[in-house]
Amino acid sequence: MREDGVYAAMVRRGMTRRTFLRFSAAMAAALSLPAAYGPRIAKALEAAPRVPVIWIRGQACGGNTEALLRAANPTAANLLLEVLSLDYHEELLAVAGADAASPLAGLASRYPNGYYAVLEGSFPTGAAGAYCLIGGRPAVDVAREVATGALLTLAVGSCAVDGGAPAAPGGITEAGGIGKVLTGGNFIALPGCPANPSNLAAVIVHQLVAKETMPTDLAHRPLAFYGNLIHNQCERRPHFEFGEFALEWGDQGAQRGWCLYKLGCKGPETMANCPDVRYGEKISWNVSSGVGCIGCHSPSFWGAMGPAYRRLPSPLPFLPNLTTDLVGGAMVAGIGGVAVAHGVGMTIRFKRYKAQDRRAKAKAAAEAASATETPPTAEPEAAAGTETAAAGTGER
Ligand code: SF4
């Protein structure tokens, strides 16, 4: 066991071996790995170093920090104090003023082995960044400095990913997400309002254990968390399939736990693992609580996925019930149809070819047979010629 490592820190803080194994099992589950990977993660964490974390908050409500502090699996204490070494987080600092800003000075020399940067909130550039300052400096500049030198940067929450609410139509601060901070691609995006703390912990554990960044989609979102539609994992999906919908808040359908699609649920358009990881000590998530998904993990969701409790307009007005799921299904069905048509066409063509072949063979056989039965015509002519010659010479 490494004395300055994650496990040693956990033991020093009174964590039992059982709790540590439970934490490792929870991380395996969050990473969509089989339960058998829990002990392997525990073993790797025993040898893993604790990595310092600098958490920068721009324009935001602080919801991601709140979600983290209320997370149960892993607890905030597990994550912040043992797995990580949280060296800077404005809301959790005991000091204020110049003392609070001092850990941000000379990061490269202070952390020669590197650190992780976590960005929360959006970063405004309007009015030369004056809408959000950290230690008297534009937050966007501070975030850029911190993120540029980090081993890995995590954009946590929708505001940090694409600007979120401050960047929604009507905003005046010219806010944006990590795109305003970093030009390179060495970051992980964890959208959500808030992002799920379990996903955040799992990214960090994966980084520590596998020593590589998690596979992501083109928007830098880990595929393990954002690779599946909420609709496909939802516990109310059978009601969707049976056409059982709540039509008004509090009606019979709502009370019976029927599908919330007709009340604006964006689950069929949103990729995230909320039904699986859940929030609040893994007790619940929106749909379990009787409120539809608002699509907060989707790009630019404040502008693109609203209004929250109304269905998104269909792209085709004459098909009001059209959803991306249906479009995808239709495309798959179309491709399947083309494949079947191709197969049928090929079968017909093959049969036609075989029939032609049979006819050609039969014709050739018939010709061969008739050629065998017909007597040669050259010999009688030759005989007649002989007879004529004989008559001419008087021979009889
Ligand atoms: S529409 Fe919403 S409530 Fe209905 S099955 Fe899909 S995700 Fe669940």
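Visitor: Which helices each supply at least two residues of the shell around the ligand?
Guide: That would be α12 (230-233) and α13 (237-241). Keep in mind that you're looking at a predicted model.

Visitor: What makes a residue part of that shell, and which residues come nearest to the ligand?
Guide: The C-beta atom, placed from the backbone, has to lie within 6 Å of the molecule. There are 15 residues around the ligand, and Cys234, Cys259, Tyr261, Cys265 and Gly267 come nearest.

Visitor: How many of the shell residues are nonpolar, polar or charged?
Guide: The shell has 10 nonpolar residues, three polar ones and two charged ones. Cys and Tyr count as nonpolar here, while Gly goes with the polar class. So, of those that come nearest, Cys234, Cys259, Tyr261 and Cys265 are on the nonpolar side and Gly267 is on the polar side.

Visitor: On to the sheet. In what order do the five strands run, and in which sense do they pair?
Guide: The order is β2-β1-β3-β7-β9, the pairing is parallel, and the sheet is open.

Visitor: Why are β2 and β9 called edge strands?
Guide: Each of them, β2 (84-89) and β9 (187-190), pairs on one side only. On average, neighbouring strands of this sheet are turned by 20° against each other, direction ignored.

Visitor: How do you know that β1 and β2 really count as a pair?
Guide: A pair needs at least two bridges. β1 and β2 are joined by five, running parallel, so the test is passed. For a spot to look at, take Val53, which stands opposite Leu86 in β2.

Visitor: What about β3, which strands does it pair with?
Guide: β3 has five bridges to β1 (residues 51-57) and five to β7 (residues 152-156), both parallel. Val118 is a handy landmark: it is the bridge partner of Trp55 and also stands opposite Leu154 in β7. Beyond that, β7 and β9 share four bridges, with Val156 opposite Leu190.

Visitor: What makes β3 a mostly covered strand?
Guide: Buried means 20 or more other C-beta atoms within 10 Å of a residue's own. Five of the five residues of β3 (residues 116-120) are buried. Both faces are covered, with Tyr116, Val118 and Glu120 on one side and Ala117 and Leu119 on the other.

Visitor: Why is β7 described as largely enclosed by the rest of the structure?
Guide: Four of its five residues are buried, so β7 earns that description.

Visitor: Which residues of helix α8 are buried, and why do they line one face?
Guide: In α8 (residues 139-148) they are Ala139, Val140, Val142, Ala143, Val146 and Ala147. Viewed down the axis of α8, they fall within an arc of 160°, so they line one face of the helix. The general background is that an α-helix has 3.6 residues a turn, so residues three or four places apart point the same way.

Visitor: And α3, which of its residues are buried, and how do you know where they sit around the axis?
Guide: Ile41, Ala42 and Leu45 are the buried residues of α3 (residues 37-47). Their arc around the axis is only 105°, which puts them on the same side of α3. They pack against α1 (6-12), α2 (17-30) and α10 (197-210).

Terms used. Residues numbered from 1 in each chain as written. Predicted model: local features only at pLDDT ≥ 70, side-chain atom pairs only at ≥ 80, totals over all residues. Buried ≥ 20, exposed ≤ 12 C-beta atoms within 10 Å, placed from the backbone. Arc of directions from axis to C-beta. Contact = placed C-beta atoms within 7 Å. Axes fitted to C-alpha atoms, helices over the stretch in contact; angles between N-to-C directions.
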